[in-house]
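Good morning, everyone, and thank you for making the time. Please have a look at the sequence and the model on the screen, and then I will walk you through a few places in it.

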Amino acid sequence: MKILQSRTLSLFFVVLASTWLYSSLVFAQPIRVVATFPDLADITRQIGKELVSVDSLATGVEDPHGVPVRPSFVPRLNRADVLVVTGLGDEHSWLPALLEVASNPKILPGRTGYIDCAVGVPVLGTPIRIDRAEGDTHPQGNPHYMLDPVSGKIAARNIAAGLSRNFPQHQQAFEKNLKAYVAELDDWITRWEKMAAPLRGVKYVDYHPAWIYFANRFGMKLVGSIELKPGIEPTPNHLVELVEQIKQEKPQVLIYGSQNPRLPQQISAQTGVKVLRLYSNAGGRPETDTYIKWIDYTVRTLVQAVS
Ligand SMILES: [Zn+2]
């Protein structure tokens, strides 16, 4: 009887131990990632694959500098293992306050769970005066670098490094997936550079100066912006000057995104410039739900518009 009991007991422990091992292998909790924007969320999925569960705060249609904060953001940030951000002050006007209430020290700036994708990006548009005087939304330089797919590769490397720093047991998997993703992106970059040949020398106007990295990569020339300064709505004087400038320099397109179409349409009516709505993040349209699809859509649409 005693022997039977101890046998039953040891069998019980064997079953218990193997069930635990099995469930920890099969039902292992994925790493919880919160990304601020859909393009960063997509790249994180490509690198983390089945090891991560990724959630984007913004949907891609919002002004990136003024994403409307929803109550659901707080618990999502509170439970996150890591946070992936564009950085360079892109999220400055809405993320710091959220992080304060989310009370998750792991993902605060400077902590290991805070993954800043801008590290190592060659920054364009650095202002001479580094402050937020008059509400300038680009005091650390222009943060819209994801529109240059070559900088997109830097973001991918930062994401892989950030995931490895937090979960070194999966480093090999992250590095393997990064290598494959960068190779795929490189193929696309070669294709885009060929496709974008008609964009070389094309003059454009934008609403918010979100397009300098894209323009720099594909050879487009900025004539002017509707905004007086990044994030600052124009004065009547500025609009009169811009219309004159458009009449003289004859840019081929006026690009706007999350903003109200009223001013772009008004300027188009006065000058004949073609107006295009293109979002400065992935996800703004259903067909741009991944980083690659978004850049591809953007290149295609612009080429079509100027042809
Ligand atoms: Zn901006």
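Let me begin with H208, which has a relative accessible area of 7% and therefore counts as buried, since the cut-off for that word is under 20%. I should say straight away that what you are looking at is a predicted model, so please hear everything that follows in that light.

What does H208 do with its NE2 atom? Together with the NE2 atoms of H65, H138 and H144, the NE2 atom of H208 coordinates the zinc ion, at 1.9 to 2.0 Å. Along the chain, these donors follow the spacing H-x72-H-x5-H-x63-H. H144 sits in the loop between β4 (114-116) and α5 (149-166), whereas H208 sits in the loop between β5 (203-206) and α7 (212-218), so this pair ties together parts that are 64 residues apart in sequence. As for the geometry, the four donor atoms subtend angles of 105 to 114 degrees around the zinc ion, and the arrangement is therefore tetrahedral. For reference, the ideal angle for four tetrahedral donors is 109.5 degrees.

Staying with H144 for a moment, its relative accessibility is 4%, so H144 is buried. One of the residues in contact with H144 is S280, which, leaving aside its neighbours within four places in sequence, also touches P64, L147, A210 and W294. S280 belongs to the loop between β8 (274-277) and α10 (291-306), and at 17% relative accessibility S280 is buried.

The loop between β4 and α5 also holds D136, whose relative accessibility of 12% makes it buried. Here a long-range approach is worth pointing out: D136 and K229 are 93 residues apart along the chain, yet their C-alpha atoms are separated by 6.1 Å. Beyond the neighbours within four places in sequence, D136 is in contact with P230 and I232.

Now let me turn to the sheet. In what order do the strands of the open sheet run? There are four of them, in the order β2-β1-β3-β4, and the pairing is parallel. The edges are taken by β2 (52-56) and β4, each of which has a single partner strand, so one side of each is left without a neighbour in the sheet. From one strand to the next, the twist averages 25 degrees.

Looking at the individual pairs, β1 (residues 31-35) runs parallel to β2 over five bridges, and within that pair V34 stands opposite D55. D55 also figures in the alternation of side chains along β2, where V52, V54 and S56 point to one face and are buried, while S53 and D55 point to the other face and are not buried. On the other side of the sheet order, β3 and β4 are paired in parallel over three bridges, with V84 opposite I115 of β4.

Finally, just before β3, we come to D81, in the loop between α3 (73-79) and β3 (82-85). Is D81 buried or exposed? Its relative accessible area is 16%, so D81 is buried. A polar atom of the D81 side chain lies 2.7 Å from the backbone nitrogen of R32, and the side chain of D81 also makes a polar contact, at 3.5 Å, with the side chain of K106. Setting aside neighbours within four places in sequence, the contacts of D81 include P30, I31, I107, G113 and F167 as well.

Definitions and conventions:
Residues numbered from 1 in each chain as written. Predicted model: local features only at pLDDT ≥ 70, side-chain atom pairs only at ≥ 80, totals over all residues. Heavy atoms only, no water. Helix = DSSP H or I, 4+ residues; strand = E, 2+ residues; numbered from the N terminus. Buried < 20%, exposed > 50% of the residue type's maximum accessible area, 1.4 Å probe, protein only. Polar contact = N/O pair within 3.5 Å; in protein donor to acceptor, adjacent residues only side chain to side chain. Contact = heavy atoms within 4.5 Å. Donors = N, O, S within 2.8 Å, 3.2 Å for Na, K, Ca; no water. Tetrahedral: all angles 85-135°; square planar, octahedral: opposite > 155°, others 65-115°. Pairing = 2+ DSSP bridges. Axes fitted to C-alpha atoms, helices over the stretch in contact; angles between N-to-C directions.
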